[in-house]
Amino acid sequence: MSIDGVRIDTSYFTTNGTDRRPAVLLGHGFGGSKDDVRRQAEDLARDGYAVLTWSARGFGKSTGKVGLNDPKGEVADVSRLIDWLAKQPQVRLDKPGDPRVGVAGASYGGAISLLAAGHDRRVDAIAPSITYWNLSDALFPNGVFKKLWAGIFVNSAGGCDKFDPRICAMYQRVAQSGVPDAQAEKMLEERSPSAVAQDIKVPTLLVQGQTDSLFPLDQADAAAKAIRANGAPVDVDWIAGGHDGGDLESSRVQSRVAGWFDRYLKDDASADTGTAFRVTRTLGAGTGDGETRLTGVTADTYPGLEGDDHRIALTGRAQDFANPAGASPPAVSALPGLGGGGLAQLSSLGVGVSLDFPGQYAAFESAPVRDDLQITGSPTVTVHVKSTTDDAVLFAKLYDVGANGQQTLPSQLVEPLRVEGAKAGKDVTITLPAIDHDLDDGHRLKLVLASTDLGYASPTAPATYTVSLKGDLRVPTALSEKNTQAPLPAWVWWLPLAGAVLALVLVVTGRRRTTAPAAPEPELAEVPLQITHLSKRYARSADRYAVRDLSFRVEKGQVLGLLGPNGAGKTTTLRMLMGLIRPDGGEVRVFGHAIAPGAPVLSRVGAFVEGAGFLPHLSGRENLELYWQATGRPPEDAHLEEALEIAGLGDALARAVRTYSQGMRQRLAIAQAMLGLPDLLILDEPTNGLDPPQIREMREVMIRYAAAGRTVIVSSHLLAEVEQSCTHLVVMDHGQLVQAGPVKEIVGSGDTLLVGTAVPVEEPVAEKVAALPGVASAVTTDGGLLVRLDADGSAARLVAELVRLEVPVESVGPHRRLEDAFLTLIGETA
């Protein structure tokens, strides 16, 4: 497509049919092209949209100079693309020349969606991700040049010559001086969504990354406040990843974007748009696959970055520290462009990787907190700053310091600030980076004000700074447990009674309104679970499956591990097994009975799937007792004391659940699933929130539970734990069965051993080993020998023979672990 002499490379996606449909424009990230969003475009097209993708000026096969979303360049291009969509026979029109259209994209593409909504009133809904509201604030925060990210920007576009000459000249000027000037700030502000804030009046889904030192959470916060002030619906979603790495939750986010457009482009009032505010939290990483395990916390309103302040006293005298000549060596917080694992992802797992040089910072610490403290938003603190020079540049960061002294910088975020007129001394209120961080009981907060940071430009002239405290640290706690402690509304008390009445009505009338369940199969009466050709489609899709043609069988006494990468369909399968959702095809039978919502045989099943709901004002014991009463079964059948022993909560059982940590809630939920000692126990990620001793105890519980003739099904990311606790496995990927069978068969028969040696094994020695009795073959490998035994061979005899041959053996073990087998089966998707 030619626009004002510039060639814009586009792709158009739609499906057959004569019905007109809404259109979606998908933008790409900086340095990318239209190809990066092709898969999302295809998915949206299958869901009933006409989708147009394009490569922005200067990227992919498009010509022209990069204008950083110049209103007269890239933004005007979007309006021409909308003109083109209005002429397509597949596209629904609100009026001639005005298509029903939404715009979505991440980073650079997210900004263009906001700008398009502000410049072109034909845009009806937007879904920007991990992007900026004010590019000047993002690259020049508080007057400090974000030099490392700016350099990456220029490099990823192919160099300064790829940009509009005015932008190139601005970058070179600021990079040389290290100080942004008024002209540079004005240029970036004109290219920012904030410049047209008053004109963005369409439903907006803002997705922002928590591990993002380029476009932090405050960018989405400013956008949310401005757009909501215009009267438009705004939802906010804080994802785990960002420009610094971590999990971008692409599948979940794209599903939410589709739901957003279904609601506001298709006018589908039943579409699930999600809650007003969602935060993803990291629970840890499995030792088997290394993936982070995520959960989501939601709220009915977006609280912003301040409010519900919790005051924390900091201690520390006035402190002098140096700004070194040349601003070197610099402190280290984030490493922009590291990608993938990223320092920010490590910090989410409690691994400290920041570096502050002695003599170049001031530090103030709190006392250990007595209870877990959930910080959600931007902490603030007021300090007094004095400098031997007119201006001072400081870098503020807030560490979580553990009981062992290890410190972690949440999301590796730092707040730069330029203090003008510091020579005379000045009080400064610092707004620290917005975070969602759980400060554990016994941990302390440590405020550090450093003179340098690797990611930013700071004065090269030597100076001495003096900083002292002027008040307490204020931390926002909008999503903390204390916000659930208000008196419960009246409906909490009468809802169970109303539910009982409704249940009675359904029981009386149900036979007239439902299809009779399939007859039991007597030959399966002793089989805990048989799944046959089970399928479940994604909502709003005729050919995309969460689970497809899945079949497997579980016998008594087995501990079966359900494995697969994120999105494999494991939880969907478990929810169908429980009768929580209906399959689109196939069936589930438990002890020969077909599963449907409310099937009587479900009384023989205990489950912990996607968390348990507890009444926060009741104790742990009271919650379990109340749950069992609701089942209508005799109290003596609950085996309550056994379940409580398994929970291992001790005196905490008498405390209100609202005071429990994540791990305590997890153990209580598992105890609830075991009430009544069900014949079939289903556990979805049962070790989330448990420490290593508790994980080991849970493993022993599952093994003992199955040894008594019962059956356990466990879905987990901890491959090492699955290998030790499970007897059988079902491996899924993309909703389909990959392999099923005993663990030993999937891992390997155990006839191949890896022999680790202190020094490399020479080929003649390997030949001697291969000729030993009981050995089928022996080959050299990195670090030792790979030995395959025949039917008469044994590991003990092999070790004895190796010692006799003077082979320097350091270790002997099976060649493959479950992790190796899993990765072999699943491949890159794992």
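Mentor: Accessible areas come from the Shrake-Rupley method with a 1.4 Å probe. The model is predicted.

Trainee: What area does the protein expose, and what share do carbon and sulfur atoms supply?

Mentor: The exposed area of the protein is about 35900 Å². Carbon and sulfur atoms supply a share of this area that comes to 51%.

Trainee: What percentage of the residues count as buried?

Mentor: A residue is buried if its relative accessible area is under 20%. Among the 830 residues of the protein, the share that counts as buried is 51%.

Trainee: How many helices and strands does the protein have, and what part of its contacts with a separation of 6 or more joins residues 24 or more positions apart?

Mentor: The secondary structure comprises 21 helices and 41 strands. Among contacts with a separation of 6 or more, the part from residues 24 or more positions apart is 75%.

Trainee: Which residues touch the most other members of the largest nonpolar core?

Mentor: In soluble globular proteins, nonpolar side chains tend to be buried together. The largest nonpolar core here has 44 residues. A second, separate core has 41 residues, including Trp628 and Val747. In the largest core, the residues that touch the most other members are Leu25, Ile126, Ile200, Val236, Trp238 and Phe277.

Trainee: Is arginine 278 buried or exposed?

Mentor: Arginine 278 lies in strand β12, residues 277-285. Beyond four places in sequence, its contacts include Val236, Trp238, Glu249 and Thr298. Its relative accessibility is 16%, and the limit for burial is under 20%, so arginine 278 counts as buried.

Trainee: Which side chain makes a polar contact of 2.5 Å with that of arginine 278?

Mentor: A polar contact requires N or O atoms within 3.5 Å. At 2.5 Å, the partner of the arginine 278 side chain is that of threonine 280.

Trainee: Which strands stand at the edges of the six-stranded open sheet?

Mentor: The strand order is β33-β34-β35-β30-β36-β37, with mixed pairing. An edge strand here has a single partner, so one side of it is left without a neighbour in the sheet. That description fits β33 (605-608) and β37 (736-742).

Trainee: In which sense do β34 and β35 pair, and which residue is the bridge partner of leucine 683?

Mentor: Strands β34 (residues 680-684) and β35 (residues 711-715) pair over five bridges in the parallel sense. Leucine 683 has a bridge partner in β35, namely valine 714.

Trainee: Which helix lies across β30, β34 and β35, running at about 150° to β35?

Mentor: Helix α12 (residues 570-577) lies across β30, β34, β35 and β36, and its angle of about 150° is to β34. The helix across β30, β34 and β35 whose angle of about 150° is to β35 spans residues 692-707 and is α16.

Trainee: Where is leucine 677, and what is its phi?

Mentor: Leucine 677 is in the loop between α15 (662-674) and β34. At 17% relative accessibility it counts as buried. Although leucine 677 is not a glycine, its phi is positive, at about 45°.

Trainee: What is phi of serine 107 near?

Mentor: Serine 107 sits in the loop between β8 (101-106) and α3 (108-119). With 9% relative accessibility, serine 107 counts as buried. Its phi is positive in a residue other than glycine, and is near 60°.

Trainee: What is omega near for the cis peptide bond from serine 328 to proline 329?

Mentor: Proline 329 is in the loop between β16 (319-323) and α10 (342-348). The bond that leads to proline 329 from serine 328 is cis, and its omega is near 5°.

Notes:
Residues are numbered from 1 along each chain as its sequence is written. This is a predicted model: local features need pLDDT of at least 70, side-chain atom pairs count only at pLDDT 80 or more; totals for chains, interfaces and linings use all residues. Side-chain values use heavy atoms; hydrogens and water are left out. Helices (H or I, at least four residues) and strands (E, at least two) are DSSP runs, numbered from the N terminus. Buried means under 20% relative accessible area, exposed over 50%, partly exposed in between (1.4 Å probe, protein chains only). A polar contact is a pair of N or O atoms within 3.5 Å; within protein, one must be able to donate a hydrogen and the other to accept it, and residues adjacent in sequence count only if both atoms are side-chain atoms. Contact means heavy atoms within 4.5 Å. A nonpolar core is a set of buried Ala, Val, Leu, Ile, Met, Phe, Trp, Tyr and Cys residues joined through side-chain atoms within 4.5 Å. Two strands pair if DSSP finds at least two bridges between them. Axes are lines fitted to C-alpha atoms, for helices over the stretch in contact, and angles run from 0 to 180 degrees between N-to-C directions.
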